[in-house]
Structures are given as structure tokens and as C-alpha cells.
Amino acid sequence: MIQLAYIRENKQDVINRLAIKNIDATAAIEEIIALDQEKRRAQTEVEALLSEQNTLEKQIGELFKSGKKAEADDLKNRSAAIKEVSKGYEDKLAKLEEDLKNALIVLPNIPSTMVPPGKTPEENEVVFLNEKNMPKLADDSLPHWELTAKYDIIDFELGNKIAGAGFPVYKGQGAKLQRALINFFLDQASKAGYYEVQPPILINEESGFGTGQLPDKEGQMYHVTADNLYLIPTAEVPVTNIFRDTIVKAEEMPIKYTAYTPCFRREAGSYGAHVRGLNRLHQFDKVEIVQIAHPKDSYAILEEMRNYVCSLLDLLELPYRTLKLCGGDMSFASALTYDMEVWSGAQKRWLEVSSVSNFESFQANRLKLRYREGNDKPVLAHTLNGSALALPRIVASLLENNQTIDGIRIPAALVSYTGFDTIK
RNA sequence: GGUGAGAUGCCUGAGUGGCCGAAAGGAACAGUUUGCUAAACUGUCGUACGGGUAACUGUACCGAGGGUUCGAAUCCCUCUCUCACCGCCA
């Protein structure tokens, strides 16, 4: 949620920058400013009446104590009359507050000034390219969904039987590879100073609201209606919500957390060749990194996180590139996002394996996540997160790029985790 | 799932209708004292939203939502959560 005070003072800037996200917010911003003005006026009115009411109440108390019942009764009547009037104002104020909030929460975050314009993913800016590990594959190289069948390491049909499409069963060396990657990513994150947590993988509505999934993206999450809980689409939600309604000390920042969780996404309506195999799943594993940062540091930290993710890809010996997302491809809550994509040798295309974003105070405003500097007033913190990393496409790329006649080679960094150096 | 007890500020904890935005203690922060540490003393010490250049000031908030009353942390109702015991159970 964009800070109201910012909108109030920088109306045109907000409109201009939301245009980078291809949103014409002119009408919405005008409405918000009008509602805000009206709301404040109503608040002043209501509070004046309440103040009068409070004064009367005190006087009535005094009069009762000194036994002046008649005078007290007289004031009671006045009080009742004021109450009658103020009730109407209070309802009006509540309505205005509601309308204002509703207008604010549907507004996406303002993109950073660094965000390039553009409408489609094709307009994302390639800011880094590492082709050092580009595979030289034979013409008869197999896509991962054939490799997984050949070595019997991931069974899509079996998962289909148990749950449905998009819920694969990892088997044998495939299962061990999953576990190895999770442990590898968590160990690396710990080494980089992230504090490891295991959060719930079901979340309530408030948590979904806090990070911006609700009410906007309701349909993308699995909803457990009996208990009104949602399966997490990413660990970002439970981990960031650890800090909902908190005030942290400025010197404690940046706060760095990491978590491994399964992630669940309904992905309604996406079918076709590009979602084959591991390319798009309903359930997948991911290690997430989250930081709570001081506003002055958040962009430096975004770079640090991005470099950290790249370091993982280097260790896995994968070719990759980094994209700076254009306005049109950015998420609702993000101010600046980098996507990391690995090269998938047999599919011959780039696969997104990580998305690292700075949300500035957008999530913090919804979460009421603030920091305090000394004895100053609390200020909204900045939140950031990134995948480090999402497993399925990493696996797809590892399998495809490292396929040989003798099996699939496991990158050196992983061997101590898998316990084998080749999938046979 | 059943029964009982509870939910007050950073923490402990007092408060059963007006004098309570809330005692007291602890923690924290600042200062004084001090060779250092510790201790002692003094002061500060919730949040949000308004009004005001500011000093300051108004309103709301004692788990959440309703109700009674001129007036609610305090009484009533509903819900949520926590704890204890029982049941069930990885």
C-alpha cells in the first residue's frame, strides 16, 4: 500500500510513475485525495463532538457526586442530543475511511525510478549475462521430461494419479537431488548471514493481505475453505509476516531470514508446451531469502541479494542471465525486480529461477512493520525478498545441460550433498 | 472435541462503573556520581489518526466485535486466541 502522505504530497509523481507500470491512476489518485480531504474534515467534526461529549460526561459525574441530580439530568439530555448527531457523523467517517482504504489497497506499488518502461516480458532489460557454462549438447539431447523418465527420477504420471497434473513424484536419485539442493541452498544462505526458519505453509487472510497476495491474487492460491487458510505460494508470505505489527530497532537491521518451504500455485489456465515437465508445477520446493531493511540501504541490499543468487548459479555451474523487469512485467507489490534465468540446453530457452525484489515500504505499510531510530517515531521499514532458489527449473536445467552418454553429471558443489556425482 | 481458567503498555502485574492512557516493579534510553565494571540517584519511556509553523493539543485504542449506561479496562452477549486437565494423536 502506497503511503497516503506520499500521495498527498506528490500526486503527479505517483501518477507519472504508475504510468511506467502501464496504469493510468489519474482518476484513482484524484479520488483518494478527495476522500482523504473529506475524511479528515469528517474526523475533525466527529472529534469536536466527542470532545464536547467527554466534557459533559465529566460534568455529569461531578454533579452526581455533589447531589445536584436535576442539573445532571439536564446535562444528560444535552449529551443525548449530541450523541444523536455524532452517531451520524461517525458512520459517515467510518464509510469514508473504508472507501479510502479500499481505494488505496488496489493501487500497485510505485516503481522505482530505475525501472525501465515497457509492456511485455520482451522489454525486460538484460543487465547481466553469464555464458561461461553454456552446454555444448549433441543434436539428440533430450529435454528434461524425457531424461526424468529415462533415469526414472521424476514421475509425472504417478503424481498425476495421486494428486493431479503438476504434482510430480521425485524418486530415487531424483528425490535425493531435491534434498541435496534444499540443504545446499539453506547452508549457503546461513553462510551468507541469513537466519533459518521453518514457517507454516498455510497462512491466514491477514498474512495474505500483508504481503499483497490478498485480496488481489486470491485465485492463484489454494484455499482451504473449511478453516479459511491458504497454502503459501511462496515462503515470502509467512516469513515476511513474522514481522507484521512489529517495531524493530534500527540497529537490528538489516534482518536477514531464510526458509525452505514447498510452494503451491494454482496456475489456473496455463497449459501447453511451455509448462511441460518441471517448467510449471502446482507444488514445488523453494528456498527463499527475506530482508527487512532501512530505507537508506534497501537498494544496496537488493544488489547484494541479486549477487548472492548469482553466486549460487555460479556454484551450480549454470549459464544464466539477469533481467531488470520493465514496468509492465513487474508484480503488484514490487518497486524494482530482477529476474534470474538459467539456460535450459535442450529446450533452448531461458527459465526463470529467481525473482529478487525491493518492495520499499509497500508491504511494510500493509504489515505495519516499522523500525525506530533511538527514541524517534517509528518509520515504515523496507522489505525485500528473493528466491534462492526455486528448485524445479534448476533441476530441469541441470538435467538437460549436464546430460552425457554415461548419465547426468552432478555439479561439484552438490556432490557432497547428493552422495553421487552422476545420475545413472 | 469436552471441561475449567485467563487475555491490561517492551516484560511482570495492579485495577470490578467517573479521580484510569492506565499503579507498582523490571527492562530500555539519557544524565549525575564513579579509576573500570557494578551499584545508587534523577529524568525519559505506548500506538494510530486529526488540528497547529511550533510549543502544544483533540480523538481513539486495556484480545476482536457488538450491547447496557450520561459515562466501561471494569457490567452483559458473541467470537478469537492462550493456558491447564481430559479425550484423540504424528
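# Ring pairs, helices and the RNA surface

In this predicted model, ring pairs join Phe184, Phe185 and Tyr417 into a cluster.

Reader: How many aromatic pairs are there, and what is the geometry of the pair Phe184 and Tyr417?

Author: The count of aromatic pairs comes to 9. For Phe184 and Tyr417, the ring centres are 5.7 Å apart and the planes stand at 75°. Planes over 60 degrees apart count as edge-to-face, so the geometry of this pair is edge-to-face.

Reader: How many residues apart are Phe184 and Tyr417?

Author: Phe184 belongs to helix α7, whereas Tyr417 belongs to helix α13. The pair therefore links distant parts of the chain, and the separation is 233 residues.

Reader: Is Phe184 buried or exposed, and how does Tyr417 count?

Author: Buried means under 20% relative accessible area. Phe184 has 2% relative accessibility and so counts as buried. Tyr417 has 28%, and it therefore counts as partly exposed.

Reader: What kind of aromatic pair do Trp343 and Trp350 form?

Author: Between Trp343 and Trp350, the distance is 5.1 Å centre to centre. Trp343 counts as buried because its relative accessibility is 18%. With 70° between the planes, the pair of Trp343 and Trp350 is edge-to-face.

Reader: What does helix α7 reach from its first C-alpha to its last?

Author: Helix α7 covers residues 173–191, which makes 19 residues. At 1.5 Å a residue, 27 Å is expected. The helix comes close to this, for it reaches 26 Å.

Reader: Which residue just after α7 takes a positive phi?

Author: Within α7, the buried residues include Leu177, Ala180, Leu181, Phe184 and Phe185. In an α-helix there are 3.6 residues a turn, so residues three or four places apart point the same way. Just after α7 there is a positive phi of about 95°, and the residue that takes it is Gly193.

Reader: With which residues is Thr418 in contact, leaving aside its neighbours within four places in sequence?

Author: Thr418 is found in helix α13, residues 412–418. Its relative accessibility is 8%, so Thr418 counts as buried. Leaving aside neighbours within four places in sequence, the contacts of Thr418 are Lys176, Leu177, Ala180 and Ile410.

Reader: How far apart in space are Ala333 and Phe359, C-alpha to C-alpha?

Author: Ala333 lies in the loop between β11 and β12, and it counts as buried because its relative accessibility is 4%. Its contacts beyond four places in sequence include Phe359 and Phe362. Although Ala333 and Phe359 are 26 residues apart in sequence, their C-alpha to C-alpha distance is 6.0 Å.

Reader: Why does the span of helix α10 agree with what is expected?

Author: Helix α10, residues 298–315, has 18 residues. At 1.5 Å a residue, these should span 26 Å. The span agrees because the end C-alpha atoms are apart by 26 Å.

Reader: Which element gives the most to the surface near RNA strand B?

Author: Gln43, Glu47, Lys83, Arg370 and Arg372 come nearest of the 21 residues around RNA strand B. Sugar and phosphate make up 72% of the strand's atoms that come within 4 Å of the protein. At least two residues of the surface come from each of α3, α4 and β14. The element that gives the most, with 12 residues, is α3.

Reader: What lies 3.3 Å from an N or O atom in the side chain of Asn54?

Author: By class, the surface near RNA strand B has 4 nonpolar, 7 polar and 10 charged residues. A polar side-chain atom of Thr44 lies 3.2 Å from a sugar or linking oxygen of the strand. For the side chain of Asn54, the atom at 3.3 Å is a phosphate oxygen of RNA strand B.

Notes:
Residues are numbered from 1 along each chain as its sequence is written. Chains are lettered from A and ligands numbered from 1 in the order in which they are written. This is a predicted model: local features need pLDDT of at least 70, side-chain atom pairs count only at pLDDT 80 or more; totals for chains, interfaces and linings use all residues. Side-chain values use heavy atoms; hydrogens and water are left out. A residue is near a molecule or strand if one of its heavy atoms lies within 4 Å of it. A polar contact is a pair of N or O atoms within 3.5 Å; within protein, one must be able to donate a hydrogen and the other to accept it, and residues adjacent in sequence count only if both atoms are side-chain atoms. Helices (H or I, at least four residues) and strands (E, at least two) are DSSP runs, numbered from the N terminus. Ala, Val, Leu, Ile, Met, Phe, Trp, Tyr, Cys and Pro count as nonpolar, Asp, Glu, Lys and Arg as charged, and the others, Gly among them, as polar. The expected span of a helix is 1.5 Å times one less than its number of residues. Buried means under 20% relative accessible area, exposed over 50%, partly exposed in between (1.4 Å probe, protein chains only). Contact means heavy atoms within 4.5 Å. Rings of Phe, Tyr and Trp (its six-membered ring) pair if their centres lie within 6.5 Å; planes under 30 degrees apart count as stacked, over 60 as edge-to-face and the rest as tilted.
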